[in-house]
Amino acid sequence: MPAIPQGGVLMGSISQCFVLDVDWSAWSAIATFIAAGVALYVGVLPMLNARKAHRLRAQAMAEVLLTSLSIQGLHVAATLNVMRGVLTPQLYNVAVENVKVVDIELCRSFIPYLDAFPVSTAKAIGSCLAQMDVVLRSQKRLLVAQEGEDVVGDGFSPLYVSFLQVIDHTRRELAEQLGLLPLPEYEPAASALVTQMQDMAAGRSPVVESPRPEGR
């Protein structure tokens, strides 16, 4: 009878059992799942980073637009305080120049970032753009008053009162999304701007610097 190598039968049995007991299809499925997860992560990560960067740019643009609208609203509020009753031509001309701060292009440049904000923001920006367009069209019809030609300024009121309301609504919407409520009032900056306008009309101040509402 031939000699059996020591441990040969035992080792062969263990090897055979090990081969038979491992479910290689399960391990293959797990490896495929892990590979798919890694591929998905690698593919999605740039999209997530791009979305985060877009959101940060949108917030920055919202802050820039909020500041611009605050300055525009300040000028409109000051002009409404001036354009009452009969004005001298000098004061009228200064007031006309003062309301030419309307910046529709900055508002338009915010449109690509609306997807980072709720629908209410898009509606506010849309209303603001529409009102800005009306105001800019009306400014083309504003004439320069001549010396000795007094002007009744009340004709400004309806259009610019409505415009100021739209600006304030848009400002509040942006500030709410940015967590910057409550917004500061236009006073006392508007009164200071009125004084500067009156001084300029009287020839006492050749340069008018735009004061800003406190905080924004």
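What share of the 216 residues in the chain is buried? In this predicted model, buried residues make up 35% of the chain. The surface that the chain exposes comes to about 13,200 Å², and carbon and sulfur atoms supply 62% of that area.

A word on confidence helps before going further. The average pLDDT of the chain is 78, and 69% of the residues score at least 70. Among the elements, helix H4 has the highest mean pLDDT, 95, while helix H1, residues 8–21, has the lowest, 50. Where pLDDT is low, the predicted coordinates should not be read in detail.

The overall layout can be followed from one end to the other. The chain holds seven helices and two strands, and from the N terminus on these elements run α-α-β-α-α-α-β-α-α. Contacts between residues far apart in sequence are well represented: of the contacts with a separation of 6 or more, 79% join residues 24 or more positions apart.

The interior comes next. The largest nonpolar core has 51 residues, and those with the most contacts inside it are Leu 65, Phe 110, Met 132 and Phe 163. Two or more residues of this core come from each of helix H2 (24–82), helix H3 (89–98), helix H4 (104–108), H5, helix H6 (157–178) and helix H7 (189–201). The largest share, twelve residues, is given by H2. Leaving aside residues up to four places away in sequence, Leu 65 touches Leu 106, Cys 107, Phe 110, Ile 125 and Leu 174. Of these partners, Ile 125 is one of the buried residues of H5, and Leu 174 is among the buried residues of H6.

Helix H2 also contains Ser 68. This serine counts as buried because its relative accessibility is 13%, under the 20% cut-off. With residues up to four places away in sequence again left out, Ser 68 touches Asp 103 and Leu 106. Leu 106 is thus a partner that appears in the contacts of Leu 65 and in those of Ser 68.

Two further helices can be compared with their expected lengths. H5, residues 119–139, has 21 residues and reaches 30 Å from its first C-alpha to its last, close to the 30 Å expected at 1.5 Å a residue. Its buried residues include Thr 121, Ala 124, Cys 128, Leu 129, Met 132 and Val 135. For H6, 22 residues at 1.5 Å a residue should span 32 Å, and the end C-alpha atoms are 31 Å apart, so the two values agree. The buried residues of H6 include Phe 163, Leu 164, Val 166 and Ile 167, and also Asp 168, Arg 171 and Glu 173. Just after H6, Gly 179 takes a positive phi of about 70 degrees.

The cysteines deserve a closer look. How many disulfides does the structure hold? The structure holds zero. Cys 107 is in no disulfide, and the nearest cysteine sulfur, that of Cys 128, is 4.3 Å away. Why is there no bond between the sulfur of Cys 128 and that of Cys 107? The 4.3 Å between these sulfurs is too far for a bond, because a disulfide needs sulfur atoms within 2.5 Å. Cys 107 is nonetheless buried, with a relative accessible area of 0%, and Cys 128 is buried with a relative accessible area of 0% as well.

How values were computed
Residues are numbered from 1 along each chain as its sequence is written. This is a predicted model: local features need pLDDT of at least 70, side-chain atom pairs count only at pLDDT 80 or more; totals for chains, interfaces and linings use all residues. Side-chain values use heavy atoms; hydrogens and water are left out. Helices (H or I, at least four residues) and strands (E, at least two) are DSSP runs, numbered from the N terminus. The expected span of a helix is 1.5 Å times one less than its number of residues. Buried means under 20% relative accessible area, exposed over 50%, partly exposed in between (1.4 Å probe, protein chains only). Contact means heavy atoms within 4.5 Å. Accessible areas come from the Shrake-Rupley method with a 1.4 Å probe; for residues, only the protein chains shown count as cover. A nonpolar core is a set of buried Ala, Val, Leu, Ile, Met, Phe, Trp, Tyr and Cys residues joined through side-chain atoms within 4.5 Å. pLDDT is the predictor's confidence in each residue, from 0 to 100.
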